[in-house]
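Here is a short report on one protein chain. It moves from overall figures to sheets, then to the core and the charged pairs.

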Amino acid sequence: MGQIPGCSQSSVFSADVSFYPTKMFSVLMMLFSAHFGIFFLLSVPLVEVEQGVESVQLPCKTKLHLPKDSKVEWTCIYIRTTKVHEYENGSDQLEEQDHFYGDRTKMNKDLLKTGDLSLTLKHPTDGDTEVYTCTVYSREGNILLKREARLRVNVCQVEVEEGAESVQLPFKTTENLPEDAEVEWWRYEPEPPKTVHKYQTGFDQPDARDQLFRERNEMRDDSLKTGDLSLTLKHPTDRDTGKYICRVESKRIKRKKTVLLKVINCVLEEEEGAESVWLPFKTTGNLPEDATVVWRRIEPVPSVLVHVYENGSDQPEEQHEVYRDRTKMNEDLLKTGDLSLTLKHPTERDSGEYICNVCSKEKSISRKTTVLLKVKGRVQVQDQTGDIRNRSSSIDPTPLMADQSV
């Protein structure tokens, strides 16, 4: 099976796709036929797919002769018995199904004649991970056949490096969703949950977004028509790492999907003697004029101020003496959103974890990024000729030796 675009099977996260203990392993089932009085011993098949596939089929085939007036019912148990699909009187009874499965299920033609009672489920997500039961009833209500199938839909995992322009959290479902559908993306973990994007009554609701995500995300304008509810998150940082859930709901339909996002920290390596090193941080432009930008080195402890920008200008008196006259930020940084820091003449003692925080009281915005800086120190050693030679102390800890001649 090919990999779904935007989703990877990395080991960064372990998806929660557990089943009830009694359904975790092969389940022994007894199927009773009123016509034949025979018991069958079967194991429950497992169907496993990746989120993003167009559809998945839950198998159920029989060689039993089923009466033409039989009723076929697919159900699952999630807190309560949920009706997934119903076939009766020669046709599907879609009005009977739970709205979570609305417009997403399909059965074969002439199913009672062929004995192929398999169910096709469109656009499966992790919310569909469950044990499904296919039951066939006679006209009198007696059970003629009963079988189960386990479905496991692996949670979508997206990985991106900090510094990327944007990242997409994918979610595609059925087209032509109801106009009254409400779509909400939120980051569920780490706690507390934060609203990332909300679409309601035909419009985006930017005021409902948490300040961490304000002005940093967007959805397609025709998302309800196309069924593409994917979210684009701009300028991702390690602070965005977490578990995201999208919920879609109206009076007639209900959808849900989980995406695990991992944003990898920016790691820089430089050697002593370089003119400067650049610590990158780009975010949305046109930041509020009252925004305060603070670069700080938090490791090794104690934490020290590296650079402060406040009230429209740099505040050199606030920074630690070690960084005095050695840092520089771009002009019009609030307008461009480029909050990168230039550190001049880096040395080994500058190695550590740097954090940049941006905040504004008036506009209630918040931005943050982390950069790991490793500066390789250089040492001077004397060779056998008496010459002084430089080398990186972190690359080769052994003394330099003079060339050996025969």
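What percentage of the 406 residues of the protein count as buried? The figure is 47%. The model is predicted, and its values are computed from the coordinates.

## Overall figures

The protein has 3 helices and 31 strands. Its accessible surface comes to about 22200 Å². Carbon and sulfur atoms account for 47% of that surface. Contacts reach far along the chain: among those between residues at least 6 apart in sequence, 61% join residues at least 24 apart.

## A six-stranded sheet

One open sheet has 6 strands, in the order β3-β11-β10-β5-β6-β7. The pairing is mixed. β3 and β7 (91-92) are the edge strands, and each pairs on one side only. Strands of a sheet pair through backbone hydrogen bonds, either parallel or antiparallel.

Start at the β3 edge. β3 runs parallel to β11, and 5 bridges join the two. Here E50 stands opposite N154 in β11.

Next comes β10. β10 and β11 pair in the antiparallel sense over 8 bridges. V131 has R150 in β11 as its bridge partner. The two strands form a hairpin, with 5 residues between them. G141 sits in the turn and has a positive phi of about 95°.

β5 also pairs with β10: they run antiparallel and are joined by 6 bridges. W74 stands opposite C134 in β10. How many of the 8 residues of β10 are buried? The count is 7, so the strand is mostly covered, given that buried means under 20% relative accessible area.

## A three-stranded sheet

Another open sheet has 3 strands, in the order β13-β18-β17, with antiparallel pairing. Its edge strands are β13 (166-169) and β17 (217-218), each pairing on one side only. Strand β18 (residues 231-234) is joined to β17 by 2 bridges, and the two run antiparallel. E218 has T232 in β18 as its bridge partner.

## The largest nonpolar core

The largest nonpolar core holds 28 residues. Which of them touch the most other members? They are V72, W74, M107, L117, Y132 and L151. Several elements each supply at least two residues of this core: β3 (46-50), β4 (55-58), β5 (71-78), β6 (80-88), α1 (111-114), β9 (119-122), β10 (130-137) and β11 (143-154). β11 gives the most, with 5 residues.

L117 deserves a closer look. Leaving out residues up to four places away in sequence, L117 touches C60, T62, L66, V72, W74, M107, L111, C134 and V136. Among these partners are W74 and C134, the residues that stand opposite each other across β5 and β10. V72, W74 and M107 are also touched by L117, and these three are listed with L117 among the core residues that touch the most other members.

## Salt bridges

A search of the whole structure finds 16 salt bridges. The table gives three of them.

| Acidic residue | Basic residue | Closest N to O distance |
|---|---|---|
| E86 | K83 | 2.8 Å |
| E140 | R139 | 3.7 Å |
| E182 | R247 | 2.9 Å |

How covered are these residues? E86 is buried, with a relative accessible area of 6%. Its partner K83 counts as partly exposed, at 24% relative accessibility. R139 and E140 are both exposed.

Now take E182 and R247, whose closest N and O atoms are 2.9 Å apart. Why does this pair tie together parts that are 65 residues apart in sequence? E182 lies in strand β14 (residues 182-189) and R247 in strand β19 (residues 242-249), so their salt bridge links those parts. E182 is buried, at 17% relative accessible area. This pair also belongs to a network: salt bridges that share partners join E182, E184, R247 and E249.

How values were computed. Residues are numbered from 1 along each chain as its sequence is written. This is a predicted model: local features need pLDDT of at least 70, side-chain atom pairs count only at pLDDT 80 or more; totals for chains, interfaces and linings use all residues. Side-chain values use heavy atoms; hydrogens and water are left out. A nonpolar core is a set of buried Ala, Val, Leu, Ile, Met, Phe, Trp, Tyr and Cys residues joined through side-chain atoms within 4.5 Å. Buried means under 20% relative accessible area, exposed over 50%, partly exposed in between (1.4 Å probe, protein chains only). Helices (H or I, at least four residues) and strands (E, at least two) are DSSP runs, numbered from the N terminus. Contact means heavy atoms within 4.5 Å. A salt bridge is a side-chain nitrogen of Lys or Arg within 4 Å of a carboxyl oxygen of Asp or Glu. Accessible areas come from the Shrake-Rupley method with a 1.4 Å probe; for residues, only the protein chains shown count as cover. Two strands pair if DSSP finds at least two bridges between them.
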